[in-house]
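Student: Could we go through this one together? I keep meeting labels and want to know what earns them.

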Amino acid sequence: MNDRIHSTARYRALDAAHHLHPFSDMAELNRAGSRVIVKAEGVYLWDSDGERIIDGMAGLWCVNVGYGRRELVDAACTQMQALPYYNTFFRTTHPPVIELSGMLAQLAPAGFNRFLYSNSGSEANDTALRAVHRYWALQGKPNKRYVIARHNGYHGSTIAGATLGGMTYMHEQMPSMMEHVAHIDQPYWFGEGGEMDAEAFGLARARRLEAKIIELGAENVAAFIGEPFQGAGGVIFPPSTYWPEIERICRKHDVLLIADEVIGAFGRTGEWFAHRHFGFAPDVITMAKGLTSGYVPMGAVGLSDRIADAIVDGGEFNHGFTYSGHPVAAAVAVANLTLLRDEGIVARVKDDAGPYFQQRLRDALSDHPLVGEIHGAGLVAGIQLAEDPVNRKRFANGSEIGTLCRNFSFDGNLVMRASGDRMLLSPPLVVTHDEIDEIVARANAAIDATAKALHIL
Ligand SMILES: *Cc1c(COP(=O)(O)O)cnc(C)c1O
């Protein structure tokens, strides 16, 4: 037995014995064994058997600058030596969090000048709710408590995040949910559009928000939260009519609009923030993932001046985490945002890599007998698998087929995720044309293999 095999076996045995993975059927996973990822460079991962895997998901939608960037490593090292930790609770602050806040104010839309920090996207959404509730209390409207979210949205896995999310398979395992959350239907035209054309459907789904606000009473509704495009829910891009109507309804009823930009921010669609791609203006922005390119954990919440000014003038806001604005995370975030800006990475997604990726995917897959639609912009895409693509008929066992396709892909050394019957791609933003060709070829091969397994090809 050579050393490599021996070490993989040892890792697998220890992992199976002692490590519970997120969102996994552990008995099933332990029988199959996890792949042990040991290193990464650019857009490639290597496992403990020396196999090279192309990462079509940028980790979990987060490694925007790619793996192995020395600038981020150096920033962490330097900061760890100078000041590995200090808090900002009691009249202190530190250079990394100051620089990061200044930088975010530059990069965020006009009117976003203040930021608070967390360690994850879930905590960013929890924090956004704390801030929104504080704001309405300070306005003398403490009854504005309800937050409206969407079925099949994803906002994290804390109690608040999972309640806000619209994942029934999560709700089913939650005997206690957060109070004052209501859900409306998602703008998923392929699956739920029926006879309507996409634009009419987008308007109809946005108007579900207005109906829900009226049902609850606008005087009781604090905010609406949505991902500009649903990520974990399947990279669902709403029809172009959707977001302008949502924004209009929020303004009309004085309901705050929270954009969950945990995936969308920092270049994914070719804009710094995905809400710009869809042309709407939020009141609160939550961020995480691409903020540090995942090198260390960090989340953030941007508050528009209306909310931030009220909180600043409103006395003590009793919220924060031990690691809010952690100096090492903040230093890495500054180095990461500097690369995204100064190397023109975000601009390249918009003008070059994004259009190339979208075109190559459509050239390869639009006419595939298993593919119903391809959604996306920049470097993110959702590929709908369907039984009858032309008539938008989905498979009855779509999740199994998505999982099958994902497994073919992973066996072929491409990380492509499945969400039900949609295949998801979201590569690092530094991906080259050749690497895009490789991702598309491997995705195509996995979808072909799936079709063959179903006797369609
Ligand atoms: C990943 C994600 C979250 C949760 O972030 P964590 O860091 O896993 O807590 C929240 N919202 C969206 C849109 C996400 O994709």
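What follows is a short back-and-forth about those labels.

Tutor: Ground rules first: this is a predicted model, where local features need pLDDT of at least 70 and side-chain atom pairs count only at pLDDT 80 or more, while totals for chains, interfaces and linings use all residues. Residues are numbered from 1 along each chain as its sequence is written, and side-chain values use heavy atoms, with hydrogens and water left out.

Student: Why is Tyr323 called partly exposed?

Tutor: Buried means under 20% relative accessible area and exposed means over 50%, with partly exposed in between (1.4 Å probe, protein chains only). Tyr323 has 44% relative accessibility, so it counts as partly exposed. You'll find Tyr323 in the loop between α13 (305–313) and α14 (327–342); helices here are DSSP runs of H or I with at least four residues, and strands are runs of E with at least two, numbered from the N terminus.

Student: And why is Ala449 partly exposed?

Tutor: Ala449 has 23% relative accessibility, so it gets that label too. Ala449 sits in helix α17 (residues 433–453).

Student: What makes a nonpolar surface patch with Tyr323?

Tutor: Tyr85, Tyr86 and Tyr323 make one of about 300 Å². Patch residues need over 30% relative accessible area and no salt bridge (a side-chain nitrogen of Lys or Arg within 4 Å of a carboxyl oxygen of Asp or Glu). Nonpolar side chains (Val, Leu, Ile, Met, Phe, Trp, Tyr) are joined within 5 Å, like charges within 9 Å.

Student: How do you know that β5 and β6 pair?

Tutor: Two strands pair if DSSP finds at least two bridges between them. Strand β5 (residues 146–150) and β6 have 4 bridges, in the parallel sense. Arg150 stands opposite Ile184 in β6.

Student: Which way do the residues of β6 point?

Tutor: Val181 and His183 point one way, Ala182 and Ile184 the other, and all are buried. In a regular strand the side chains alternate between the two faces of the sheet.

Student: What makes the contacts of Gly121, Ser122 and Asp260 with the ligand polar?

Tutor: A polar contact is a pair of N or O atoms within 3.5 Å; within protein, one must be able to donate a hydrogen and the other to accept it, and residues adjacent in sequence count only if both atoms are side-chain atoms. A backbone N or O atom of Gly121 lies 2.9 Å from a ligand oxygen, a side-chain N or O atom of Ser122 is 2.5 Å from a ligand oxygen, and a polar side-chain atom of Asp260 is 2.7 Å from a ligand nitrogen.

Terms used: Accessible areas come from the Shrake-Rupley method with a 1.4 Å probe; for residues, only the protein chains shown count as cover.
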